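Me: I would like to go through this structure slowly, one question at a time. Please explain each term when it comes up.

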Amino acid sequence: MSAKNDFHRLRVAQVRRETSDAVSILFDVPNDLADRFVFRPGQYLTLRTDIAGEDVRRNYSICASPLDGELRVVVKMLAGGTFSTFANETLKVGDEIEVLPAAGHFTALFTPDAARHYAAFAAGSGITPILSLIKTALMTEPESRFTLFYGNRMSGRVLFLEELYAIKNRYMGRLEVFHFLTMEEEDVDLFNGRLDRAKCDRILASLIDPAEVDIFFACGPEGMMEAAEQALLARGVPEDRILLERFSSAGSSTVLDEIASARAAAAAGRNMAVVLDGRKFTVPFDADQGNILDSVRKLGVPAPYACKGGVCATCRAKVVTGKVDMRLNYGLTKDELAQGYVLTCQATPSSDDVTISYDA
Ligand code: FES
């Protein structure tokens, strides 16, 4: 069995209101599952539940540090969001949710003898994995420090404001937080407005010397991530010192869509061999489904997925033979690509002899 793809039913131990539009959910992890739910700071969980007959899956970042001894995620309410509305309005202590063990590459290895400077750009609920990283870094590395640039609309909606103050006080002089608000005016102009490219450039010119930072993290809306990344690259920060975490992909580009539909049409009916949980299936590529994952699932084969947007990598499989094209990839590292992994929710077969394995 491919245990990495197994959901486990976890009991909700607490639903805590964090802001007017966000809750955190604490899960009870029974002793026999403790090993399965070990996580690294910055990782996320995939949650699954049935809402009005629909199988709904979403990824949420863990806000706790592994050193906190708890498994807690944050769910921010989105307009029209099925799961986020359910979590904010209906979910209660004692309910059970199916949860996949933690995943994600938005993490770093913290070691007690390191003396590093970390910095992060976060906006809105993008603070969630970064909070986990901040806590773990400061707890694990007594000589390290963290600088946070944190964008929000208004001070009343800032997630973890009090916790950040508490961390600042606990680790005197080792955490610096700069707030940027779009709907409230501050005296210093630099702190007004969103974290766009111009703002990130000014931050890097006046608040921090990027050359002194070992790792930059960024998590938030697509535009902010792009702005932070471009500003950092323009200041000569090497790519491998910038870690980005996307909650969702911009996803819909007309050009990408056109290329993907042309590829899907060309691949229609191509038979693929698909390995899952030690069994091998023959699956014809279904152009109407548009990707390998949905072609496989249409036959009733329970291939894993969560975001279907090329972000979470839950649908990852290895191409054992043949060739496969991907529409977009935000979820796989360069190493995984080199080893032949693809995101099946974004993939179409481009040769006749494709074998993919979800078990590899
Ligand atoms: S399901 Fe998330 S990347 Fe494919």
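Me: In what order do the strands of the six-stranded open sheet lie?
Reply: The model is a predicted one, in which local features need pLDDT of at least 70 and side-chain atom pairs count only at pLDDT 80 or more, while totals for chains, interfaces and linings use all residues. Residues are numbered from 1 along each chain as its sequence is written, and side-chain values use heavy atoms, with hydrogens and water left out. Helices (H or I, at least four residues) and strands (E, at least two) are DSSP runs numbered from the N terminus, and two strands pair if DSSP finds at least two bridges between them. With antiparallel pairing, the six strands of this open sheet follow the order S4-S3-S6-S1-S2-S5.

Me: Which strands stand at the edges of that sheet, and why is one side of each left without a neighbour?
Reply: Strands of a sheet pair through backbone hydrogen bonds, either parallel or antiparallel. Each of the two edge strands has a single partner strand, so one side is left without a neighbour in the sheet, and these strands are S4 and S5.

Me: By what angle are neighbouring strands of this six-stranded sheet turned against each other on average?
Reply: Axes are lines fitted to C-alpha atoms, for helices over the stretch in contact, and angles run from 0 to 180 degrees between N-to-C directions. For neighbouring strands of this sheet direction is ignored, and the average turn is 40°.

Me: How many bridges pair S3 with S4, and which residue in the turn of their hairpin has a positive phi?
Reply: S3 and S4 pair in the antiparallel sense over eight bridges, and in S4 the bridge partner of Asp50 is Asp55. Two residues lie between the strands of this hairpin, and the one in the turn with a positive phi, of about 50°, is Ala52.

Me: Which residue in S6 stands opposite Arg48?
Reply: S3 is also joined to S6, by four bridges, and these two strands run antiparallel. Opposite Arg48, in S6, stands Glu98.

Me: How many of the residues of S3 are buried?
Reply: A residue is called buried under 20% relative accessible area, exposed over 50%, and partly exposed in between (1.4 Å probe, protein chains only). S3 is mostly covered, and of its eight residues the number buried is seven.

Me: Which residues of helix H1 are buried, and at what angle does H1 run to S4?
Reply: In helix H1, which spans residues 82-89, the buried residues are Phe83, Ser84, Phe86, Ala87 and Asn88. Their cover includes strand S1 (8-19), strand S3 (44-51) and strand S6 (96-103), among others. H1 lies across S1, S2, S3, S4, S5 and S6, and its angle to S4 is about 75°.

Me: Is Gln14 buried, exposed or partly exposed, and what does Gln14 touch?
Reply: Gln14 lies in strand S1, and its relative accessible area of 27% makes this residue partly exposed. Contact means heavy atoms within 4.5 Å, and, leaving aside neighbours within four places in sequence, the residues in contact with Gln14 are Ser24, Ile25, Leu26, Arg72 and Val93.

Me: What is the order of the strands in the five-stranded open sheet, and which are its edge strands?
Reply: The pairing in this sheet is mixed, and the order is S13-S12-S18-S14-S16. Pairing on one side only marks the edge strands, which are strand S13 (279-284) and strand S16 (341-343).

Me: Which residue in S16 stands opposite Lys318?
Reply: Strand S14 (residues 316-321) and S16 run antiparallel and are joined by three bridges. Opposite Lys318, in S16, stands Tyr341.

Me: How many disulfides are found, and why is Cys63 without a bond to Cys219?
Reply: A disulfide is counted here as a pair of cysteine sulfur atoms within 2.5 Å. The closest cysteine sulfur to that of Cys63 is in Cys219, at 13 Å, which is too far for a bond. Cys63 is buried, with a relative accessible area of 3%, and a search of the whole structure gives a disulfide count of zero.

Me: How many helices and strands does the protein have, and what percentage of its residues are buried?
Reply: The secondary structure comes to eight helices and 18 strands. Among the 360 residues of the protein, the buried share is 51%.
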